[in-house]
Amino acid sequence: EFSRPVAQIEAEVRRLVESGAREVTLLGQNVNAYHGLAPNGAEWGLARLVRHLAARVDGLQRIRYTTSHPRDMDDDLIAAHGEVPQLMPFLHLPVQAGSDRILKAMNRGHTRADYLRIVETLRKHRPDLALSSDFIVGFPGETEADFKDTLALVEQVTYAQCFTFKYSARPGTPASTLEDQVPEDVKSERLLILQDLVARQQTAFNAASIGCTFDILLTGTGRNAGQLVGKSPYLQAVHVTADPALTGQIVPVQITTLERNSLGGVMVGSQQHAARR
C-alpha cells in the first residue's frame, strides 16, 4: 500500500476548488486504510484527512471516498460521518457475501456480524446514511444455504444500490484451483434472484425521495432542452429545468417524479416544471 502525503492531497484539492469544483472524491483501492504523512511528521488516517480538508479548504462543499473495506472502518471514521457536514451521507461498503463460511474462503478478514455491527454504528451516527455494496455469487463451494445468507443480509441492511457479479475464475488466484466450482447455470440463477432483490430496494429508496428537498450539484445538460442534470447527496441522478448558468452550482430541488434511472424535480422557489428524461 502507498498513501500520498496530506500536504500533496490538500494542495490538489485546493487547485480543484479554485478551478470551480464543489465536490471531491478521495480514491483508493482500499481508501479507508489510508495512512498518509502529515505536515507534523505523524501519520494520519482517513478520518483525520477528511476533517482536515473540510476545515481548511474554503469552498469545498462535498467530500466522498471510495472504495472502503469493512475491516478498516475505525471508530473515528464512523464518527466523522455524523460530525463533518461536508462528508456526504452515502457510503459504498463492499461485503461480497453474507455467509461467514464464504467470507472466510474469500479471505475477506471480516465476518457477517462485523459488517452488520459497522452498519448499525454508522446509522447511529448518521441516521440518514444510505449504503451501496458489492456482492459476488457463485464463489467456489457456495451452497444454497450460503446464498440465502447473502439474501438475508441484503434484506436486513437495505441498500440504495448494489453492484452484483458472478464469480469467475482468474488464473493464478487460489480460488481458481478450488474444487466444488459452482455450475454456471446456478450462478446465473442466483445472480438474477439477487439482482431482483437489490433492484426492488433501489426503487423503494428512490421512491422515498419524492417530496423531499435535496441540495443538487448541477453537473451538465440533460437530454431535453432547458434541462440540467445533477447529483443528490445520495448520488442519485436528478433532472430539473434550470438556467444553464447554474451548471456547477448546488441548488435546492424538491423531488417530484421517479423515472427508471433517475429522479425529476423542481427548483425550490421557482415555477419551473418537473424535469423528465
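The legends below describe close-up views of a predicted model.

**View 1. The largest pocket of the predicted model and its lining.** The largest pocket has a volume of about 830 Å³. Its lining consists of 24 residues, and those closest to the centre of the pocket are Gln96, Met106, Arg108, Ile136 and Arg170. Two elements, strand 6 (130-137) and strand 7 (161-166), each give two or more residues to this lining. By chemical class, the lining residues divide into 10 nonpolar, 9 polar and 5 charged. In general, empty space of this kind is revealed by rolling a probe the size of a water molecule over the atoms.

**View 2. Glutamine 96 and its backbone angle.** Glutamine 96 belongs to the loop between strand 5 and helix 4 (100-105). Its phi angle is near 80 degrees, which is a positive value in a residue other than glycine. Gln96 also appears in the view of the largest pocket, as one of the lining residues closest to the centre.

**View 3. The open sheet formed by strands 5, 6 and 7.** This open sheet has 3 strands in the order 5-6-7, and their pairing is parallel. Strand 5 (90-92) and strand 7 form the edges, since each of them pairs on one side only. From one strand to the next, the twist averages 15 degrees. Strand 6 and strand 7 run parallel and are joined by 6 bridges. Serine 132 has glutamine 161, in strand 7, as its bridge partner. Strands 6 and 7 are also the elements that give two or more residues to the lining of the largest pocket.

**View 4. The closed barrel.** A closed barrel is built from 5 strands, which follow one another as 8-9-10-12-11 with mixed pairing. On average, and with direction ignored, neighbouring strands of this sheet are turned by 55 degrees against each other. Within the barrel, strand 11 (residues 250-258) pairs with strand 12 (residues 263-267) in the antiparallel sense, over 5 bridges. The bridge partner of threonine 257 is glycine 264, which lies in strand 12.

**View 5. The packing of helix 1 against helix 2.** Helix 1 (residues 6-18) packs against helix 2 (residues 46-56) at an angle of about 40 degrees, and the two axes are 11 Å apart. Because of this angle, helix 1 is oblique to helix 2. The crossing of these two helices is right-handed.

**View 6. The packing of helix 2 against helix 3.** Helix 2 also packs against helix 3 (residues 75-83), here at an angle of about 25 degrees and with the axes 8 Å apart. Angles under 35 degrees count as roughly parallel, and helix 2 is therefore roughly parallel to helix 3. The crossing of helix 2 and helix 3 is left-handed, whereas that of helix 1 and helix 2 is right-handed.

**View 7. A cis peptide bond between two threonines.** The peptide bond that leads from threonine 66 to threonine 67 is cis, with omega near 0 degrees. Threonine 67 is located in the loop between strand 4 (62-66) and helix 3. Helix 3 is the element that packs against helix 2 in the preceding view.

Key:
Residues are numbered from 1 along each chain as its sequence is written. This is a predicted model: local features need pLDDT of at least 70, side-chain atom pairs count only at pLDDT 80 or more; totals for chains, interfaces and linings use all residues. Side-chain values use heavy atoms; hydrogens and water are left out. On a 1 Å grid over the protein atoms alone, a cavity is a set of points where a 1.4 Å probe fits but cannot get out, and a pocket is an open set with protein on both sides within 12 Å along at least five of seven lines; lining residues have an atom within 4 Å of a point. Grid points are joined across faces, edges and corners, and a volume is the space filled by probe spheres set on the points. Helices (H or I, at least four residues) and strands (E, at least two) are DSSP runs, numbered from the N terminus. Ala, Val, Leu, Ile, Met, Phe, Trp, Tyr, Cys and Pro count as nonpolar, Asp, Glu, Lys and Arg as charged, and the others, Gly among them, as polar. Two strands pair if DSSP finds at least two bridges between them. Axes are lines fitted to C-alpha atoms, for helices over the stretch in contact, and angles run from 0 to 180 degrees between N-to-C directions. Angles under 35 degrees count as roughly parallel, over 145 as roughly antiparallel, 65 to 115 as roughly perpendicular and the rest as oblique. A crossing is left-handed if the near helix is turned anticlockwise from the far one by less than a right angle, and right-handed if clockwise.
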